[in-house]
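Please keep the structure open in your viewer and follow the selections below in order, pausing at each one before moving on.

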Amino acid sequence: MKKILFTLACITIAASSLLMASGQKEATVDTSKSDELVVWLWDMGFNGATMQKAAEIYKEDHPEFNLVIEDQGDWNTLQTKLTTIASSGKLDSLPDILLIQDNAFQKNYMSFPEVFTDLSNTNIDYTQFASGKTGYSVIDGKNYGVPFDNGAVIFGYRTDILAKAGYTIDDFTDITWSQWLKQARVVLEKTGKPLLSAQAGSSDIINMMLQSAGASLFNTDGSPNIVNNDVLYKVAETYMQMLDDGTCIEATDWSGYTNSFSSGAVAGTMTGCWIAATIQGATDQAGKWKITNMPSLDGIPTATNYSNNGGSSWAVTSACKNVDLAADFFAMTFGSSMELYDAVAQNGVLGTYLPSANSSVYSQPNEFFSGQPIMSIITEFAGKVPAIEGGAYYYDARDAVCTAITQIQSGAVAKEAFQDAQDTVNFMMGN
Amino acid sequence: MSVININKKTKSTQSLGVGTYTFLIVAVILSVFPLFWMVIAATNKSVDVISGTLIPGSNLATNYKNLIGSTNLWQAMWNSFKYAGIMTVLSLLVCSIAGYGFEIYHDKHKDRLFSFLLLAMMIPFAAVMIPLYQMVSEYGLLNSTAGFVLPTISTPFLIMLFRQNSRSFPHEIIDAARIDGLSEIGIFIRIYIPTQKAVFAAAVTVVFMNGWNNYLWPKIIMQSNDSISMPMLIAGLQSGYVTDYGVLMLSVLFCILPMLIIFFAMQRYFTQGITGSIK
Amino acid sequence: MYSLRSWRNNKLSHKKQKQMQIKSKLTVENKLSITGWFFILPATLLIFAMSFYPMFKALYMSFRTGIGVNMEWAGLYNFTRMLKDKIFMQSVRNNFFYLIIQVPIMLVLAITLASILNNPKLKYKGLFRILLFLPCATPLVAYSVIFRSLFAIDGYFNTILLNFGILSKAYNFLGHPTSAKIVIIIALIWRWTGYNIVFYLAGLQNIDPSIYEAVKLEGASKFQTFFSITAPLLKPMILLTSIMSINGTLQLFDESVNLTAGGPANASITMSHYIYNLSFKYVPNFGYAAALSYVILLLVAFLALIQMKVVDVRD
């Protein structure tokens with residue numbers, strides 16, 4: 001018996017010392033140093049590159065400053081981590097700065113108000129940002145985020161394919177969806193290529209079309225606006241028509257979507273302007289693309305040719321021990337540095353910093369896009385995007401509506417499907 | 001005796017039927033095809049992969065260069081190996097002796113306790129992830145190997161594997177060993193382990209695989225870039241603006257390789273039975 | 001006469017008497033039982049600390065409701081609420097669909113293949129084993145990419161079906177409710193059969209080959225041998241794989257997230273996937289998610305208990 005105890009004790013001690021030893025080797029980054037900030041983000045080529053440049057700029061006047069960037073892989077991972085940490089109450093495991101998708105900002109604030117820091121009374125000048133964009137991180141009149149990248153919608157087309165069908169980019173500018181459907185059918189006939197692709201089951205196109213007409217899935221009082229939303233019915237009708245025609249095809253996932261135009265199978269795409277980076281990844285298509293605005297919905301008085309999709313903002317967390325430093329960092333870089341926005345413009349990063357519109361860099365022609373000054377075009381678009389009520393239940397509503405659309409595609413009656421969707425969102429909201 | 005010998009001779013001239021071999025080969029083809037596609041993809045350019053080629057290309061070296069350039073491949077391989085290795089050793093240690101204990105020394109109480117322990121694996125991980133994180137964080141084990149490994153060492157599954165296996169362990173051997181004066185732990189170490197190499201091999205294979213492929217928990221608990229594991233690396237390759245399928249599939253190949261090596265090493269134990277040792 | 005020897009003998013037998021008394025209290029069985037407790041102690045303690053403690057906290061959460069950290073006591077509210085949850089009900093139906101179809105097919109396949117692989121006369125045994133095990137060595141993120149590409153509208157299966165004239169237009173496997181579920185079932189069978197083969201192979205090693213010889217002498221066919229000898233002796237392993245498979249299928253998560261994204265229109269979503277969405281995608285209601293998790297636990301526990309009671313008999 002003694003032998004057993006002894007053996008077990010040895011094993012346990014050996015095992016725990018092994019674990020403890022390896023545990024101490026990898027400690028988290030010590031953020032108690034007053035001149036260092038840790039930031040969590042995703043996409044090193046886009047967001048990461050911008051942060052790095054911002055750090056460089058700030059270091060010029062503050063040489064002892066250091067920024068540690070930790071790439072989380074993608075937004076979903078960051079959201080999962082944020083949720084886990086915030087709900088476990090161990091807020092000090094959070095970094096100083098977080099990048100948050102605009103659509104998720106309200107949700108995260110509502111769920112974990114203690115994570116966020118009020119930045120309204122810092123030296124960040126919020127008047128320099130597009131108000132439609134800043135609105136995402138304003139809750140109860142207070143600013144909790146620093147607006148970052150622009151999600152203004154662009155419609156990119158392969159001009160060579162359009163030409164084969166006898167069209168130019170102007171034929172697709174400032175048009176309505178019925179005109180688009182007609183012309184897209186011609187392009188499909190003459191060239192065999194669809195003009196649009198979307199990710200099945202999670203189509204951003206629906207939301208883009210809704211916002212272009214200033215419509216939202218929520219009323220101003222926060223209740224869901226689905227089954228009685230006239231604009232939504234028009235949107236669904238248009239979307240299904242293009243799928244039927246074959247002028248829009250569905251891809252099974254994100255990679256499928258990006259590959260559809262990178263491989264040349266599809267001759268156009270419509271989404272947030274950040275897609276420009278991906279489009280330019282297909283180097284063999286250089287000089288064959290042009291961008292323009294999106295079509296507007298027919299028969300809707302508030303319809304426009306402009307919308308928004310995506311975009312994110314920076315938030316300073318409660319784990320930040322030096323909020324003044326963080327605020328000053330933002331004020332000096334994202335809040336006022338033309339140099340920053342000019343430098344990262346090449347990566348396709350466009351901010352919502354209003355003075356950028358006058359930047360000379362922004363009006364430079366882009367060779368990939370046939371010489372168009374895409375950045376000033378996009379900044380112009382951004383100014384015309386209708387503002388809408390996003391709300392915290394964005395993802396819940398979006399999934400419900402996409403489900404309804406899929407059901408309608410399989411033959412369900414639109415009114416019933418949308419009633420189902422509204423019921424689902426009401427259920428999610430606890431009503 | 002002689003009757004048996006004659007029958008043995010006739011038996012050895014029989015071979016497995018064509019039907020059996022066909023069935024086996026079809027099963028193998030179905031199992032392997034998707035992976036064959038993947039290996040081919042690892043040697044091709046992304047464009048070719050998407051167009052669905054089945055011919056090996058010459059892009060392997062380029063894919064490798066891109067892989068090394070855009071990710072921390074060898075660090076991730078080492079990390080995954082470290083996590084999986086530690087997990088396997090500790091798991092086997094703790095659970096084999098527990099499973100043996102639950103079966104060989106069974107009584108009403110231990111049986112009930114065992115059934116109760118089974119509950120631990122029946123809850124979706126998403127539900128316990130947050131309280132677990134809380135606990136691990138409280139003990140300062142965030143971003144550490146210990147934090148990753150501790151929750152996964154003792155699993156009802158592994159305990160059950162050894163328990164069920166111990167059921168087939170003949171009690172006569174145990175009794176004989178006791179008469180010979182061997183202590184209980186001695187029986188476990190000197191008799192059970194050597195004769196049950198097959199189930200240990202199976203356990204090593206499976207536990208290592210689980211540790212290697214584990215994605216959700218390390219994703220949450222590992223904070224720094226240095227502690228990246230292979231599944232995290234592969235996921236990272238998919239979330240960029242443009243997915244290079246050639247590079248992606250090459251990373252998958254790297255991910256599978258250690259598993260194959262382990263399985264290969266454990267191969268011979270799968271046919272070692274208990275019969276040899278009785279005789 | 002009392003000699004020294006007889007006095008010593010008496011004393012010794014007195015000692016022996018005492019020893020026998022002690023032994024009768026500490027019978028061999030008792031001693032072994034206590035030893036057994038030491039054997040199971042480390043594993044049990046770890047499970048209590050690492051699993052039961054968080055589970056207990058989750059149970060407490062299931063009686064509360066609210067958004068994010070703003071939760072308050074709600075009693076059984078979550079449990080009654082779930083009955084009105086259409087998506088949850090759909091996910092329950094989906095999980096049971098997978099369970100009833102996939103598990104039996106996979107286990108039968110695994111046990112058959114394991115028996116074949118165990119046959120001493122099989123050539124290239126090692127090769128066959130590795131090749132059949134390969135699928136489960138594939139990391140999840142990889143195999144979902146592979147399967148999605150194979151079943152895509154412009155993927156392999158469609159190309160083959162079109163070329164052989166079986167189809168006139170490409171079929172959207174992942175876009176239709178039933179076929180999406182079937183793709184998941186195929187993926188599950190593909191991935192996990194090898195896993196179960198490993199266990200059956202290990203279990204088969206404990207069956208004395210001479211039993212087979214004796215049975216062959218009596219002229220039993222392969223099927224008879226299998227059903228009357230192999231299967232019963234493999235009962236412990238069969239119980240293990242059966243409980244594990246039921247547990248795995250009812251807790252199915254990865255395939256629903258990565259293969260079909262729960263679609264189309266929640267046609268293939270699993271309970272765990274929905275629970276994950278409730279915590280991490282939508283506005284989080286951890287209490288409700290915890291309550292749903294316990295429903296899964298109860299379902300699995302119930303099914304496992306039935307099996308244990310019926311099959312887990314010691315001979």
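Colour chain A by burial to begin with: in this predicted model, 53% of the 431 residues of chain A count as buried. If you then draw the contacts in chain A with a separation of 6 or more, you will find that residues 24 or more positions apart account for 77% of them.

Switch next to a cartoon of chain A, whose secondary structure comes to 16 helices and twelve strands. The radius of gyration of chain A is 24 Å, close to the 22 Å that the globule rule gives for 431 residues, so chain A is as compact as a globular protein of that length. Taken along the principal axes, the box that the C-alpha atoms of chain A fill is roughly 85 × 60 × 45 Å.

Now select the open sheet of five strands in chain A, which has mixed pairing and follows the order E2-E1-E3-E12-E6. At its edges stand strand E2 (66-71) and strand E6 (145-147) of chain A, and because each has a single partner strand, one side of each is left without a neighbour in the sheet. Looking from one strand to the next, the twist averages 25°.

Zoom in on strand E1 (residues 36-41) of chain A, which pairs with E2(A) in the parallel sense over six bridges. Show the side chains of Trp40(A) and, opposite this residue in E2(A), Glu70(A).

Finally, add helix H2 (residues 44-61) of chain A, and ask which strands this helix lies across. Helix H2 of chain A lies across E1, E2 and strand E3 (97-101) of chain A, and runs at about 175° to E2(A).

Note on methods. Residues numbered from 1 in each chain as written. Chains lettered and ligands numbered in written order. Predicted model: local features only at pLDDT ≥ 70, side-chain atom pairs only at ≥ 80, totals over all residues. Helix = DSSP H or I, 4+ residues; strand = E, 2+ residues; numbered from the N terminus. Rg over C-alpha atoms; globule rule 2.2 N^0.38 Å. Buried ≥ 20, exposed ≤ 12 C-beta atoms within 10 Å, placed from the backbone. Contact = placed C-beta atoms within 7 Å. Pairing = 2+ DSSP bridges. Axes fitted to C-alpha atoms, helices over the stretch in contact; angles between N-to-C directions.
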